[in-house]
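Please find below a note on the pockets, the ligand site and the internal cavity of this structure. The points are numbered for ease of reply.

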Amino acid sequence: MQKSSESIPHSSGVGKYADVNWDELGFSLTPTDYMYMAQCKEGLNFAQGTLTPFRNIELSPCSTVLQYGQGLFEGLKAYRTADDRILLFRPEENALRMKKGADRMCMQAPSVEQFVDAVKQTVLANKRWIPPPGKGALYLRPMLMGSSSHLGVQAATEYIFLVFASPVGSYHKGEATLNLLVENKFHRAIPSGTGDVKAVVNYSPTVKPLAQAKAKGFSDVLFLDSVTGKYIEEVSACNIFMLKGDVISTPATNGNILPGITRKSIIELAKNSGYKAEERAIPVDDVFDADEVFCTGTGVVVSPVSSITYQDKRYEYKTGKDTVSQQLHAALTGIQTGSIEDKMGWTVEIQS
Ligand SMILES: *Cc1c(COP(=O)(O)O)cnc(C)c1O
């Protein structure tokens, strides 16, 4: 790729903040100044990437990402702390997950170092788009795609690794709690499929059930396993937990579930706070009996679920004050935003 001739990042002449109404942020794209892009040509590793102004990219109509969905994505956030530092949350985990996904999809992946460096460069280049403390985060979307042309189904021989950024607020904007609909017709993952990697092919099939649920007034869909239809798996873009007594449970990562970094972090935080944490197959009936239910993910953070509807029956859960989900939300976001000391070594400060 050619080095961009436009002036790059941390340039003077721009104010501390971009012109954004920070109080109105939801989870939608606000294009920012720069994106990172690196290419990998036949048989070689990824070349060093460059920052270029955020723009449309050129792809052959016959590229494997467009023809056969040979693509992966990641999602992570950069937070501005109250004392004006910039923190990433466990970015190596995203890099490792992309590597795992790349192996499943026969793709060349950037190294963990290149991935994390690309994310850092993208954040710094778009520093003025990181929301003020308490107003949201700069969401980073690393992507990996097969870019060479092949008419038959096969792995590409060339790849593009790209990272763009957008300031975001709440994922389910305007919804303090989630009302989930159990989906018993469509499934998101099949055994030995790609449910446990962030492959682009996992998401378009969820659009229809999601749209149908939203049209009925629900916030999101809870998918069941595709073999028996008896066990809960996850929500369209986040993992799910239930609390019963002093035990939090979440479906085990059996190959169908996306192994969320937030999920993994919440399990550790819950254990540190004295709760028992179980990863197991959870029959949908168990959930109806829960004290609390909540979803976890980079986008949703920790979102309390106020109801789950299954076959026209609605089950309700405790939300708000004095809930375990609220306690875990505070513990997690405290670390992510730098207001609580990070004893876990999860945050990575970006030095500008
Ligand atoms: C990304 C994602 C999650 C959450 O993963 P995090 O690493 O916590 O952001 C959960 N489920 C699905 C289907 C996802 O795509």
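How many nonpolar, polar and charged residues does the lining of the second largest pocket have? The answer is given under point 4, after the ligand site has been treated.

1. Status of the model. The coordinates are those of a predicted model. The values that follow are computed from it and should be read on that basis.

2. The largest pocket. This pocket has a volume of about 770 Å³, and 38 residues line it. F73, R141, Y171, Y203 and A237 are the lining residues that lie nearest its centre. Both strands and helices contribute: at least two lining residues come from each of β3 (71-73), β6 (137-146), α4 (204-215), α5 (261-272) and β14 (292-297). The most is given by β6, with five residues. By class, the lining comprises 19 nonpolar, twelve polar and seven charged residues.

3. The ligand site. Where does the ligand sit? The space it takes is the largest pocket. Around the ligand there are 15 residues, with K198, Y203, E234, T262 and T298 the closest. Y203 therefore appears in two lists, as a residue close to the ligand and as one of those nearest the centre of the pocket, where the lining criterion is an atom within 4 Å of a grid point. The shell around the ligand divides into five nonpolar, six polar and four charged residues. Three polar contacts may be noted individually. A polar side-chain atom of E234 is 2.5 Å from a nitrogen atom of the ligand. C238 places a polar backbone atom 3.5 Å from a ligand nitrogen atom. I261 has a backbone N or O atom 2.8 Å from an oxygen atom of the ligand. On its own the ligand has 380 Å² of accessible area, of which the protein covers 97%.

4. The second largest pocket. About 660 Å³ of space lies here. The lining is made up of 34 residues, and S170, V300, V301, V302 and H329 lie nearest the centre. The elements β4 (76-80), β15 (301-310) and α7 (324-336) each supply at least two residues of this lining. To return to the opening question, the lining has twelve nonpolar, 17 polar and five charged residues.

5. The cavity. The count of cavities of 30 Å³ or more comes to one. Its volume is about 130 Å³. It is lined by 13 residues, and K77, F89, T262, T298 and Q336 are the closest to its centre. Two or more lining residues come from each of β4, α5 and α7, and the largest share, three residues, is from β4. By class, this lining has six nonpolar residues, six polar residues and one charged residue.

6. Links between the sites. T262 and T298 are among the residues closest to the ligand, and both are also listed among those closest to the centre of the cavity. The helix α5 supplies residues to the lining of the largest pocket and to that of the cavity. In turn, β4 and α7 contribute to the second largest pocket as well as to the cavity.

Methods. Residues numbered from 1 in each chain as written. Predicted model: local features only at pLDDT ≥ 70, side-chain atom pairs only at ≥ 80, totals over all residues. Heavy atoms only, no water. 1 Å grid on protein atoms, 1.4 Å probe; cavity = no way out; pocket = protein on both sides within 12 Å on 5 of 7 lines; lining within 4 Å. Points joined across faces, edges and corners; volume = space filled by probe spheres on them. Helix = DSSP H or I, 4+ residues; strand = E, 2+ residues; numbered from the N terminus. Nonpolar A, V, L, I, M, F, W, Y, C, P; charged D, E, K, R; others polar. Near = heavy atom within 4 Å. Polar contact = N/O pair within 3.5 Å; in protein donor to acceptor, adjacent residues only side chain to side chain. Areas by Shrake-Rupley, 256 points an atom, 1.4 Å probe, with all protein chains shown as cover. Sits in = over half its atoms within 2 Å of the grid points.
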